[in-house]
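Walk through this fold with the coordinates open. The route goes from cysteines to a pocket, then to rings and charges.

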Amino acid sequence: ADDDARIADLAQSMTASGFQGVLLVRAHPDGPLNGRERYQLVYGHRRRRAWRTVCAAQGQPCVLPVVPRPFSDQQMLTIGAQENLQREDLNPMEEARLVAWHLSVYYPMGLSEIGRMLGKSEDWAKARSRLLQLPEPLQAIIWRSPGMMTAMLEISSLWAEAPEQAEALALRTEREGL
């Protein structure tokens, strides 16, 4: 619903200024259909949705300027991750999974390069990579309360020595918003 509101805002600004720029596409991986070339959108999913809204409201056919480029499947997944990271509501655990996937696919690339690839800093990538190493109870707290990420990373240092006390502290931290 929040994304729909952003699309509506984008469509409203496009109504006034028109569609700006171009969308990047690649040849569809399944090839032509009925003798007609097909394309897969690479960048600009939100802009396309917004422009379709504008066209429908004006009762016009929806025509968009596109530029075809040769993107690999791996590049498509990275681009999707970059676009997802631009969402404001992505949970740090989801971000951690994106970092882990990139580490496995682009091995031996390090966190500095992965962070850059995703449009983030090395520190950001390092923090996210640590999340998947946290004990499950601490990960669960981050899923429920994303703002607790830093606190859970700190509490994790106590886990090896005193897991029961660390978990109790984590739950209290979440409950009281410490």
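A residue counts as buried under 20% relative accessible area, as exposed over 50%, and as partly exposed in between. By that scale C62 is partly exposed, because its relative accessible area is 36%. C55 is buried, at 2% relative accessibility. Keep in mind throughout that this is a predicted model.

Stay with these two cysteines. Each is the other's closest cysteine partner: the sulfur of C55 has that of C62 as its nearest cysteine sulfur, 3.3 Å away, and the search from C62 leads back to C55. Why is the pair not a disulfide? A disulfide needs the two sulfur atoms within 2.5 Å. At 3.3 Å the sulfurs of C55 and C62 are too far apart for a bond, so the pair does not qualify. The count for the model comes to 0 disulfides.

C62 also leads into a pocket. It is one of the residues that line the second largest pocket. That pocket holds about 260 Å³ of space. Which elements give two or more residues to its lining? They are β1 (23–27), β2 (39–43) and α2 (45–58). Strand β2 provides the largest share, 3 residues. Look for Y39, Q40 and L41 in the lining, along with L23 and V25. R48 and R52 line the pocket too. So do V63, L64 and V66, alongside C62. By character, the lining divides into 8 nonpolar residues, 1 polar and 2 charged.

Strand β2 has a further role in the tour, through an aromatic ring. The model has 3 aromatic pairs. One of them joins Y43 and F71, edge-to-face, with 6.4 Å from centre to centre and 80° between the planes. Y43 sits in strand β2, while F71 sits in the loop between β3 (66–68) and α3 (73–85), so the pair ties together parts that are 28 residues apart in sequence. Are the two rings' residues buried or partly exposed? Y43 is partly exposed, with a relative accessible area of 30%. F71 is buried, at 19%. The cut-off for buried is under 20%, so F71 falls within it.

Now turn to the charged side chains. The whole structure contains 6 salt bridges. Three of them are worth tracing, including one that spans two helices.

Begin in helix α6 (residues 122–131). K126 and E122 both lie there, 4 residues apart, about one turn of the helix. Their side chains meet in a salt bridge at 3.3 Å, N to O. Both ends are partly exposed: K126 has a relative accessible area of 38%, and E122 is at 35%.

Helix α9 holds a bridge with a matching layout. R172 and E176 both lie in this helix, 4 residues apart, again about one turn. Their closest N and O atoms are 3.2 Å apart. R172 counts as partly exposed at 41% relative accessibility. E176 is partly exposed as well, at 42%.

Where does a salt bridge link distant parts of the chain? Look at R144 and E174, whose closest N and O atoms are 2.8 Å apart. R144 lies in helix α7 (residues 136–144) and E174 in helix α9 (residues 163–176), 30 residues apart. Helix α9 therefore takes part in two of the bridges traced here: R144 to E174 reaches it from α7, and R172 to E176 stays inside it.

Methods. Residues numbered from 1 in each chain as written. Predicted model: local features only at pLDDT ≥ 70, side-chain atom pairs only at ≥ 80, totals over all residues. Heavy atoms only, no water. Buried < 20%, exposed > 50% of the residue type's maximum accessible area, 1.4 Å probe, protein only. 1 Å grid on protein atoms, 1.4 Å probe; cavity = no way out; pocket = protein on both sides within 12 Å on 5 of 7 lines; lining within 4 Å. Points joined across faces, edges and corners; volume = space filled by probe spheres on them. Nonpolar A, V, L, I, M, F, W, Y, C, P; charged D, E, K, R; others polar. Phe/Tyr/Trp six-rings, centres within 6.5 Å; stacked < 30°, edge-to-face > 60°. Salt bridge = Lys/Arg side-chain N within 4 Å of Asp/Glu carboxyl O.
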